[in-house]
Amino acid sequence: MMERYNPVSIALHWLIALLIFGAFPLGLYMADLPLSPQKLQYYSWHKWAGVTIFLLVLIRILWRIGHKPPAPVPMPRWQRQASDAVHYMLYAFMIVIPLSGWLLSSAKGMQTVWFGVLPLPDLVGKNKELGETLHELHEMLNYGMLLLFGLHVAAALKHQFIDKDHLLSRMNPFART
Ligand code: HEM
Ligand code: HEM
């Protein structure tokens, strides 16, 4: 019998992944556009998506604390430790990336108004230099997460197709138990 993650964990994993797959390329694209109303619109969408990710990740972590994942599939100890480490770091990135985005928006003097309705407090005062530094930090953190994401997917595919241990089914909302 195949043990799986619970439905809430599966739903949050994929919902958050989809939002990141949207917010990441949008961030790269919008940052290079010349100033225009269109650009500012993209910035708003990016920030709304990012804040949504932040909230969903907080819920996900609380849920995860209360709900143990299925027992790990058989693998050497170092792989088990590596997977735990990568999962922890992915959670950490999903927290600090939105926070750095929020901070950088504050420093650049562009307040975040979630879905145009809920204004988030500016965490720091307007400061052009700090804004640039935080922008670089936001960018670097994103490339760090991208790197780990590459490892994460490579490992998942290796389990599925080389070890043939059905690891993907554990996170597959459509898998049959
Ligand atoms: C997990 C969520 C997020 C991801 C994956 C993400 C990803 C990115 C990426 C890849 C860039 C392009 C960096 C560059 O090449 O310059 C970017 C830029 C940016 N992000 Fe995010 N971001 C996230 C959350 C947020 C949040 C929550 C905010 C603000 C509330 C935010 C605000 C910004 C801003 C303002 C820029 C453009 C900076 C500039 O051009 O001055 N981001 N983001
Ligand atoms: C095509 C993309 C993806 C695939 C195929 C995938 C696959 C998986 C699978 C199979 C698991 C379960 C591992 C196990 O059974 O031990 C998992 C867990 C996890 N994934 Fe993904 N994933 C993807 C995207 C992402 C993204 C974008 C993130 C975040 C940036 C992410 C973060 C996580 C985390 C943190 C866990 C650990 C869950 C826990 O035990 O708390 N995944 N993923």
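This report describes the two largest pockets of a predicted model and the spans that a record marks as transmembrane.

Rolling a probe the size of a water molecule over the atoms shows where empty space is left. In this model, the largest pocket holds about 1,600 Å³ of space. Its lining is made up of 48 residues, and those nearest the centre are His13, Ser83, His87, Leu90 and His152. Four helices each give at least two residues to this lining: H1 (7-31), H2 (37-66), H3 (77-107) and H4 (128-163). H3 supplies the largest share, 12 residues.

The second largest pocket holds about 810 Å³ of space. It is lined by 36 residues, with Gly27, Met30, His46, Leu104 and His138 closest to its centre. H1, H2, H3 and H4 each contribute at least two residues to the lining of the second largest pocket.

The table sets out the linings by residue class.

| Pocket | Nonpolar | Polar | Charged |
|---|---|---|---|
| Largest pocket | 34 residues | 7 residues | 7 residues |
| Second largest pocket | 22 residues | 9 residues | 5 residues |

An unreviewed UniProt entry lists residues 12-31, 43-63, 84-104 and 140-157 under "transmembrane region". Two of these spans can be described further. Residues 84-104 are 100% helix and 0% strand, and the C-alpha atoms at the ends of this span lie 30 Å apart. Residues 140-157 are also 100% helix and 0% strand, with 26 Å between the end C-alpha atoms.

Note on methods
Residues are numbered from 1 along each chain as its sequence is written. Chains are lettered from A and ligands numbered from 1 in the order in which they are written. This is a predicted model: local features need pLDDT of at least 70, side-chain atom pairs count only at pLDDT 80 or more; totals for chains, interfaces and linings use all residues. Side-chain values use heavy atoms; hydrogens and water are left out. On a 1 Å grid over the protein atoms alone, a cavity is a set of points where a 1.4 Å probe fits but cannot get out, and a pocket is an open set with protein on both sides within 12 Å along at least five of seven lines; lining residues have an atom within 4 Å of a point. Grid points are joined across faces, edges and corners, and a volume is the space filled by probe spheres set on the points. Ala, Val, Leu, Ile, Met, Phe, Trp, Tyr, Cys and Pro count as nonpolar, Asp, Glu, Lys and Arg as charged, and the others, Gly among them, as polar. UniProt positions are given in the numbering used here, feature names are shortened, and annotations may be inferred rather than shown by experiment.
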